[in-house]
Amino acid sequence: MKKSCLIVLMGLLTFNLHAQDEHQLNLEEAVELGLQNSKSLKASYAALQEANAKLAQSKHDQYPELTISGAHLRVNNPTVETHFGGDTDSGDGEPQSGSSPEVSSVTYGMASFSQPIFSGFRLHNAVKVADYLKTAAELDVDNQREAVIFNIISAYYNYYKLLSTKGLVEQNLNEAQERVKLFNNLESNGVITRNDLLKAQLQQSNMELSLLEVNNNVDVANYNMNILLGLPEETIIKIDTAELANAHIADVSDISFYMGKAGESRSDLNAAQNREMAASQGIKIAKGGYYPSLALTAGYVDAYIPDFVTITNAVNVGLGVQYNLSNLFKGKSHVQEAQAKADQASLVADMKWDGVRTEIYRDYANYQKELKKIQTLEVASNQATENYRITNNSYNNSVALLTDVLEAEVQKLQAQVNEMHAKADAQISYYQLAKDSGILKQEFNIEQ
């Protein structure tokens with residue numbers, strides 16, 4: 001009795017541990033989980049924090065500079081000669097040295113203040129540059145977010161394709177196993193030949209090999225999904241294959257709609273435009289070297305030398321002007337460099353737009369192709385299923401050969417797999433079009 005209870009308890013514990021390793025996910029939950037744990041997205045956020053810090057630094061450069069310094073120094077006893085008009089000559093014509101105070105230490109403190117007033121507009125334009133680059137970093141985060149979403153969608157649908165293929169292969173393997181059992185009995189009773197039994201057994205072996213390969217692919221895809229979503233490696237991901245199989249195939253608008261949406265919503269396009277504007281501001285910064293710098297300055301000094309001098313409340317206030325004359329001939333090269341960078345940024349933005357239009361045209365054409373494939377493969381699947389039914393009936397009536405039945409069964413399985421894959425590929429193709437149009441996040445109600 002105790003042994004039975006222990007076995008039951010261990011069975012329940014094993015079941016609970018197994019259940020804990022399973023994770024039921026729909027597509028929306030997978031996207032949400034992937035966004036929370038994406039390392040690439042976190043890296044983009046880190047780059048955004050860096051851009052925010054640089055913007056703050058550029059603004060701080062406009063604020064006053066206030067420095068405080070001080071020191072206490074130990075010194076030797078120096079020899080000090082004073083040469084004033086009232087000094088008396090010694091007998092050899094040399095001036096007579098005054099008595100030198102014994103100085104053993106020096107203590108001083110200083111404070112300086114500087115407020116930029118005019119710097120050739122460099123500081124002002126530097127803030128603009130940092131602001132444009134900060135905006136570009138924000139757009140990079142948004143672009144990376146859409147890339148992460150699409151990667152999760154692709155992985156999810158590819159995982160679904162493998163699970164659905166596994167289900168179809170298992171179904172056909174069960175049919176093959178039932179056929180082998182039946183043929184064993186028929187062969188024992190002399191109804192069919194040994195050759196027919198061997199053909200049925202070979203078909204079963206081929207199905208078992210196919211299932212072995214599919215199971216291996218499912219395990220690899222499951223592991224990769226766990227890494228992508230930030231789940232423990234041993235987690236078994238469960239998805240509702242029936243829900244995806246019956247998912248609605250989205251209708252699409254005219255291609256001009258997606259071209260327009262891309263121009264408005266593509267984050268990488270807007271990021272390239274902001275970097276182009278930042279590069280244009282760089283030209284103004286370079287030209288700022290032609291102007292002098294003007295600053296309000298102030299200082300305070302307090303010093304004490306024992307037995308010699310004490311200085312307190314030594315304050316100075318004034319205006320400081322600085323002009324680097326070498327910029328008259330060196331500044332031209334800096335301006336040319338900034339202009340070249342601006343030209344490059346402009347070309348990059350134009351090339352980016354060309355690439356986006358190419359992507360949208362390709363995606364739109366691919367989606368239309370996938371829709372036509374679905375129609376064709378649905379017909380092919382129905383034809384293969386009906387062909388298998390007819391051939392099997394013909395074999396049962398001794399009109400067809402077993403080879404024809406086995407071939408028809410393989411064709412049915414392949415047609416079913418092709419149809420299921422085509423529907424999944426069409427969904428992936430639609431999401432690819434949405435991503436390249438900059439509207440993918442709207443499909444999942446994800447805010448900026």
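**An antiparallel sheet, its hairpin and a long-numbered helix, H9**

In the hairpin of E5 and E6, where three residues lie between the strands, aspartate 307 adopts a positive phi near 65°. The structure described here is a predicted model. Proline 306 also belongs to the loop between E5 and E6. Proline 306 has a relative accessibility of 18% and therefore counts as buried, the cut-off being under 20%. Its C-alpha atom is separated by 7.3 Å from that of valine 106, although proline 306 and valine 106 are 200 residues apart along the chain.

The two strands of this hairpin are part of an open sheet of four strands, arranged in the order E2-E3-E5-E6 with antiparallel pairing. Strand E2 (65–74) and E6 are the edge strands, and each of them pairs on one side only. On average, neighbouring strands of the sheet are turned by 10° against each other when direction is ignored. In general, the strands of a sheet pair through backbone hydrogen bonds, in either a parallel or an antiparallel manner.

Within the sheet, strand E5 (residues 293–305) is joined to E3 by eleven bridges, and these strands run antiparallel. Strand E3 covers residues 105–118. Proline 116 has alanine 295 in E5 as its bridge partner, and threonine 107 stands opposite tyrosine 304 in E5. On the pairing of E5 with E6, twelve bridges join the two strands, which again run antiparallel. Here glycine 299 is placed opposite asparagine 316 in E6.

A nonpolar patch is present on the surface. Ile117, Leu296, Val315, Val317 and Leu319 make up this patch, which has an area of about 500 Å². Strand E6 (residues 309–322) gives the most to the patch, contributing three residues. Isoleucine 117, another member of the patch, is found in strand E3.

Helix H9 comprises residues 327–396, a run of 70 residues. At 1.5 Å a residue, H9 should span 104 Å, and its end C-alpha atoms are 98 Å apart, so the two values agree. Serine 398 follows H9 and has a positive phi, near 60°.

Definitions and conventions
Residues are numbered from 1 along each chain as its sequence is written. This is a predicted model: local features need pLDDT of at least 70, side-chain atom pairs count only at pLDDT 80 or more; totals for chains, interfaces and linings use all residues. Side-chain values use heavy atoms; hydrogens and water are left out. Patches are made of residues with over 30% relative accessible area and no salt bridge: like charges are joined within 9 Å, nonpolar side chains (Val, Leu, Ile, Met, Phe, Trp, Tyr) within 5 Å. Accessible areas come from the Shrake-Rupley method with a 1.4 Å probe; for residues, only the protein chains shown count as cover. A salt bridge is a side-chain nitrogen of Lys or Arg within 4 Å of a carboxyl oxygen of Asp or Glu. Two strands pair if DSSP finds at least two bridges between them. Axes are lines fitted to C-alpha atoms, for helices over the stretch in contact, and angles run from 0 to 180 degrees between N-to-C directions. The expected span of a helix is 1.5 Å times one less than its number of residues. Buried means under 20% relative accessible area, exposed over 50%, partly exposed in between (1.4 Å probe, protein chains only).
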